Structure formats: structure tokens, C-alpha cells
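Please read this briefing alongside the sequence and the coordinates. The topics are the domain layout, the domain interface, the ligand surroundings and the salt bridges.

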Amino acid sequence: MAAISVEHISKQYGETKALESVSFEVKEAELFGLIGPDGAGKSTLFRILTTLLLADEGEAYVAGHHVVKDYKEIRKKVGYMPGKFSLYQDLSVEENLSFFATIFGTTIEENYELIKDIYVQIEPFKKRPAGKLSGGMKQKLALCCALIHKPEVLFLDEPTTGVDAVSRKEFWEMLKQLKAKGITILVSTPYMDEASLCDRIALIQSGKILTINTPKGLMNEFTKPLYAVKAENTYKLLTFLRQQDFTDTVLPFGEFLHLTTEEDMPESEIENHLKADGFEKAEVKRIEPTVEDIFLALSSETE
Ligand SMILES: Nc1ncnc2c1ncn2[C@@H]1O[C@H](COP(=O)(O)OP(=O)(O)OP(=O)(O)O)[C@@H](O)[C@H]1O
């Protein structure tokens, strides 16, 4: 049995189609990532799966229960860490945790084993109000609160947004350990680099799933030769490359342009071509695609 099953879920707010016939399954103890930019529909999907919002169309099941008919069962079995507002800012670390334990009819002691590794990191600050914690510590406390009733399925909506790089890395380590304890995790993120840390991922944009794959499988979806190109004037280079017959796509990536070509070409051939056209300092390097390259390629295909 799948731990989460989503079947053609659609949701519209006025004219905005937040989700359009979204379907996927998450296996038991799988770490499944939902990756997409702001406004892609991730939070809407989380609210539907945690029984806080009704879909317009489609069915969904969590831990074997229907999200509408069996919503009470689901609420006992899931942990939810929403993107914002999951902690009481004026309550201390300890009080927040006791509060969440109490509303689920349990105690911190009863399930301490599950949160221990995470809680010891914030325990020195247990008397501090949650509002006065750093981003990374707030995130750890919110995770402890979402875990305190020993959920079967954990929903984490953008848990690493606005958190420093070290805390982000630690957070993913914690998720790996929770998965090893048999907890199914659906996690959303706008950070493409976090895709490689999941067992499988769904790329989502404008309410539609672009693809579902393992991180490795996703890389194999990108078959065109890809190059990072740099020259003195990036804008001029972009305009120039867009006009060339060998160009398939060209997109800005920081200080580089990412170029895909129809045919495999040696780096030197492209470089010489650019130099002959006045880009004296042109540099061309064949590169492996990132998740962002795949995302952009897939989203331009569906536009
Ligand atoms: N209550 C609402 N009323 C109207 N429109 C909404 C509402 N909630 C979300 N939307 C719109 O639905 C779309 C999907 O929003 P959603 O919050 O699910 O996306 P998201 O991927 O979680 O992005 P974000 O990180 O910005 O929350 C967006 O265009 C958003 O503006």
C-alpha cells in the first residue's frame, strides 16, 4: 500500500488554477520531494493532504485513509510542519513542545526517543521563547513539534526556506534518520539542489507535475549536449547565441549562460566561433546538467 496516493487532484482559487490534475504516489518510508518555485501549488497540495483544505476534483489517501471521509484518522497519523506560523512565538521551546504533545494526547517523555537526536541540539535554549530563536533552531523545534505524536507520515512544507546552509545540511541529515525509522516524508522545497537528497522527486510548476523520477533518473532525462559559456558582455552573448543555427536553447545562469546545441560540438569549435565574432575572452565548457537545467527545459516544453 502506498503511504500517500494522489489521484487527479485539482484546486482553483477564483481564476487561479493552483493544482491541475496532480497525481503521484509515495511509498512507505520514502523521502519524496516536491520541487518547484513560489506559487507552484506546493502549499495547496500540503493543505489538501493534511485535511485542512478540500480539493475541487480528485481523490487522495494518506496512510490508507481518504482525506475527506477519514480526516479524523489522518489527523492522528500525520505530522505537519507548515511553511509559516507553526510555532507559538511567546511560548518557550519547552512549552511549545508540551503544547503540541498535549493536543495529541501524549507527553514529551512518551515519544522522546523519536525526537531525542534533534531535541538535544535545542535543549540548552529550552527556556527561550520560540520567537527569539535563530532560523535553524526554530526549524528544529518545529520538526520536534511535528514529530511529538509519532506520526506515520510527515509533511514538511519548505522547511529549509530562509535557513542558513549549515542548518539546511543538518536538517536533511535528520530527515534521513527519520526515514530510517520508517517514517514516510513528503517535503517541498524551492531549492533545486536539495533534489538529490530525496529518494524520488516531482518537479511542479503552475499547478502541474512536470516529471516524477529518482535524482539519477532525472539527470538521464536531459539528453542534449550542455555547455557553460562566458564572455565579456553577457547580454550581447545571449543575443548572439540565440541567433546561431547550432543553438537549441540558451538561458542565463549567474555569470554564465547555459547553452544546449542540436548536435554534439567540441568546446573549441564553439569558442572559436565566438572569438571570430568579436567575443575575445569567450570561454566554453561542456557541463553536466543540474536539476535547474532540467526544470527549465521541461517547463519550456510545457509552455
Ligand atoms: N487562499 C488563496 N486565495 C487565492 N489564491 C491563492 C490562495 N492560496 C494560494 N493561492 C494562489 O494559488 C497558487 C498556488 O499557491 P501555493 O501557495 O499553493 O504555492 P506554493 O508552491 O506553495 O508557493 P509559496 O511558496 O509561494 O506558498 C498561487 O498562484 C497563489 O497565489
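The notes below begin with the overall layout and then take up each topic in turn.

This is a predicted model, and its chain is divided into domain 1, covering residues 4–220, and domain 2, covering residues 226–302. The C-alpha centres of domain 1 and domain 2 lie 37 Å apart, and the contact between them takes 12 residues from domain 1 and 9 residues from domain 2.

**Interface between the domains**

- About 900 Å² is buried between domain 1 and domain 2, and carbon and sulfur atoms give 85% of that area.
- On the domain 1 side, Met192, Leu210 and Met219 together supply 59% of the area that this domain buries against domain 2, which is more than any other three residues supply.
- Across the interface of domain 1 and domain 2 the count of salt bridges is 0, and the count of residue pairs in polar contact, with both residues at pLDDT 80 or more, is likewise 0.
- Strand 9 (200–205), strand 10 (208–213) and helix 7 (215–220) are the elements that give two or more residues to the side of domain 1 that touches domain 2, and strand 9 provides the largest share of that side, with 3 residues.
- Sorted by class, the side of domain 1 that touches domain 2 has 9 nonpolar and 3 polar residues, with no charged residues.

**Surroundings of the ligand**

- The residues around the ligand include Tyr13, Thr16 and Ala18, the run formed by Pro37, Asp38, Gly39, Ala40, Gly41, Lys42, Ser43 and Thr44, and also Glu158.
- The side chain of Asp38 has an N or O atom 3.4 Å from an oxygen atom of the ligand, whereas for Glu158 an N or O atom in the side chain is 2.9 Å from a ligand oxygen atom.
- In the case of Lys42 the atom concerned belongs to the backbone, where an N or O atom lies 2.9 Å from an oxygen atom of the ligand.

**Salt bridges**

- A search of the whole structure finds 16 salt bridges, and one pair joined in this way is Lys76 with Glu73, whose side chains meet at 3.1 Å, N to O.
- Both Lys76 and Glu73 lie in helix 2 (residues 71–77), where they are 3 residues apart, or about one turn of the helix.

Technical notes
Residues are numbered from 1 along each chain as its sequence is written. This is a predicted model: local features need pLDDT of at least 70, side-chain atom pairs count only at pLDDT 80 or more; totals for chains, interfaces and linings use all residues. Side-chain values use heavy atoms; hydrogens and water are left out. Domain bounds come from an automatic or database domain assignment. Contact means heavy atoms within 4.5 Å. Buried area is the accessible area (1.4 Å probe) that two parts lose on being put together, summed over both. A salt bridge is a side-chain nitrogen of Lys or Arg within 4 Å of a carboxyl oxygen of Asp or Glu. A polar contact is a pair of N or O atoms within 3.5 Å; within protein, one must be able to donate a hydrogen and the other to accept it, and residues adjacent in sequence count only if both atoms are side-chain atoms. Helices (H or I, at least four residues) and strands (E, at least two) are DSSP runs, numbered from the N terminus. Ala, Val, Leu, Ile, Met, Phe, Trp, Tyr, Cys and Pro count as nonpolar, Asp, Glu, Lys and Arg as charged, and the others, Gly among them, as polar. A residue is near a molecule or strand if one of its heavy atoms lies within 4 Å of it.
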